[in-house]
Structure formats: structure tokens, C-alpha cells
Amino acid sequence: MARMICDQVIITGASSGLGEAFARRLAGGCKQMVLVARRAEKLDALAAELRAKNPELEVATAPCDLSDEAQRARLIAAFGTLDRGETMLINNAGLGDHGDLAGSEPARNRQMLQVNICALTELSRALLPKLMEQGGGIINIASLAAELPIPDFAVYAASKAYVASFSEALRLEMKEHGVPVLAVCPGPVHTGFGDVARRPGHGSGDVPFKKWFYTPIPTVVEGSIKALIKGRARYYPSLRIRLCAWFLRMVPLPVLRLAMGFRPRRAAAETEKKP
């Protein structure tokens, strides 16, 4: 992708948070946009807003529960109707669950794996022939959590490690075709993720990080687009996050294990408080 403007942009998890921000940022730089998320009413409202501000933009909404294999298949089949031209795929949709694995809901774990891993992989695979022939790129939203195992976020962190590794390998496969693939690895971002990841009765929806560690949504979005255009493999959206990622890669695994063993566990503490 030699320029920022693409003919088409496909965004998953577009009804809120980073996905919604990507849609607003890219609406003026493409001809067609496909918004994917579970909440149809949210997608319709965003689509109407984007059309009003960008009269020449064609916006299609695709309500889809990406944890459902049949719905994913229908979404992928619809990709065949897209116009020709460069396409940017932004795999932003993701689920989390804050709490120990022993107390988790098996159905929730399956949903998380289906959305964070299966959907991202299948959508990327479905569009690769088009990208190889007509150009474009892929942005996969991973996380700083991909760098280490996190108690109380065991499944989520492991799924994001998959996203980061998958993106690195796919980038190398696509290099000769001129298709950039980027793994975005932010720390915590104020997107409502914590509220969705929170289990009933487990306190506030905030993800347990210091407030100074959060990155503004516009910084993540703008930096991700620039990083994709430059052909970078990963994007860490602040100096603090980059230094943290570098530190985590340099520290021996036994030391990380020891450190994570002493990490305060809010989920465990709240469980002990229950009568």
C-alpha cells in the first residue's frame, strides 16, 4: 500500500472504541466502508453519521456475531460483492475476561477464542487473494498483553500472543506481494473493554493498570495507519508502551514468572471478600 487512501476499508468491532475511531478517521479517505459488529443499531447510527459527513462515501453495515461460525461464513461470502481496488482490513473486534480460569464460563472462553483468533484468521485468509492481486493491507489489533502471561487474563493474553505471532508470520509471507501486515500492541485504552471483560460482582470495569499507562484512542488510530503505510511489523503507541515491551522481551522468562507471581490479583482478592 503506497498511500493512506484505500478504495475500501473493512472494520470489525466498528460499533465502539477503536473500531468506531478507525471508521471516523478513514471515512474521508476511501470510497467504500464496511462496518462489522454485533450491534446493528450502533452500526446504523455510525453509518448515517459517516454518510452525512462524507456524501461520496458508500457505507455498508454487516451486523455479525463473530463468535458464531455460521455468521462468519455469511460475512465472508459477502466479501465477494466488494468492488475492485485496494482494501484495508482492520481486525479490531476482541473479547476479554477478567478473572481466574477456574471461575470462568466455558462458553465465554469459547467466544473469546472464536473472536480473537478464529474470526481474525478466517477474515484475513478470505481477503488475501484480493489483497495480493489488487493491493491493500491488514491491521490486526493485538495488545501489550501479547508479551507476557497474565494471571486473571490467561485466555485473553494468550489469544493476543497468537495475534502478534500470526501477524509477524503473515507479514513475511505477504512481503513479496507488497501487502503490509501490522500488529498493533497498545496497553490499556479507554474503549469500554474493561466493562465487557468484567465478571458480575467483580468491582469496577477498569482493567487493573495505572491510569498513566493508558493511551488515547486517537493516538492508537493515527499511529497505526502511519505504521502500516511505513511497513512496520508492530506498533506500540507510546514511549512508555515501547519501553515496557522492550523490557519484557529482554527479561528472562523465569524472572517474568516470579514477577507475575507477585502481581496483585484483584479477582482473587474480591473472591476472598465474598461472604
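Among the contacts in this protein between residues at least 6 apart in sequence, 74% join residues at least 24 apart. I should say at once that what we are looking at is a predicted model. One example of a pair separated along the chain is R125 and I76: they are 49 residues apart in sequence, and their C-alpha atoms are 9.8 Å apart in space. R125 itself sits in helix α4, which covers residues 106–134. Its relative accessible area is 54%, so R125 counts as exposed, the cut-off being over 50%.

Let me turn to the overall composition. The protein contains 10 helices and seven strands. Of its 275 residues, 51% are buried. The accessible surface comes to about 13,300 Å², and carbon and sulfur atoms account for 58% of that.

How are the strands arranged? Seven strands form an open sheet, with parallel pairing, in the order β3-β2-β1-β4-β5-β6-β7. At the edges we find β3 and β7, the latter being residues 234–235, and each of these pairs on one side only.

I shall now walk along part of this sheet, beginning at the β3 edge. Strand β3, residues 58–63, runs parallel to strand β2, residues 30–37, and six bridges join the two. Within this pairing, V34 has A60 of β3 as its bridge partner. On the other side, β2 pairs with strand β1, residues 6–12, again in the parallel sense and over six bridges. Here I10 has V34 of β2 as its bridge partner. V34 therefore appears in both pairings, as the partner of A60 in β3 and of I10, by way of the bridges that DSSP finds between the strands.

What connects β2 to β3 in the chain? Together with helix α2, residues 40–53, these two strands make a right-handed β-α-β unit. Helix α2 lies across β2 and β3, and its direction makes about 175 degrees with that of β3. Another helix that packs on the sheet is α7, residues 217–229, which touches β4 (87–91), β5 (136–141), β6 (181–184) and β7. The direction of α7 makes about 155 degrees with that of β6.

Next, please look at strand β5. How many of its residues are buried? Six of its six residues are, and the strand is mostly covered. G136, I138 and N140 point one way from β5, while G137, I139 and I141 point the other way; all are buried.

Strand β5 has a partner on each side. With β4 it pairs in the parallel sense over five bridges, and I90 has I139 of β5 as its bridge partner. With β6 it is joined by four bridges, the two strands running parallel, and N140 has A183 of β6 as its bridge partner. Two right-handed β-α-β units include this strand: one is made of β4, α4 and β5, and another of β5, helix α5 (residues 154–174) and β6.

In the loop between β5 and α5 we meet D152. What is its phi? It is positive, about 80 degrees, although D152 is not a glycine. For context, most residues other than glycine have a negative phi. D152 is also buried, because its relative accessible area is 3%, and the cut-off for buried is under 20%.

Helix α1, residues 17–26, shows how a helix can be packed from several directions. Which of its residues are buried? They are G17, L18, G19, F22, A23 and L26. In an α-helix there are 3.6 residues a turn, so residues three or four places apart point the same way. The buried residues of α1 pack against β1, β2, α2, β4, β5 and α7.

Finally, a word on cysteines. A disulfide is a covalent bond between the sulfur atoms of two cysteines. How many are found in the whole structure? The search finds zero. Two of the cysteines may be compared by their surroundings. Is C64 buried or exposed? C64 is buried, because its relative accessible area is 4%. C244, by contrast, has a relative accessible area of 23%, so it is partly exposed.

Note on methods. Residues are numbered from 1 along each chain as its sequence is written. This is a predicted model: local features need pLDDT of at least 70, side-chain atom pairs count only at pLDDT 80 or more; totals for chains, interfaces and linings use all residues. Side-chain values use heavy atoms; hydrogens and water are left out. A crossover is right-handed if, with the strands pointing away from the viewer, the path from the first strand over the helix to the second runs clockwise. A disulfide is a pair of cysteine sulfur atoms within 2.5 Å. Buried means under 20% relative accessible area, exposed over 50%, partly exposed in between (1.4 Å probe, protein chains only). Contact means heavy atoms within 4.5 Å. Axes are lines fitted to C-alpha atoms, for helices over the stretch in contact, and angles run from 0 to 180 degrees between N-to-C directions. Accessible areas come from the Shrake-Rupley method with a 1.4 Å probe; for residues, only the protein chains shown count as cover.
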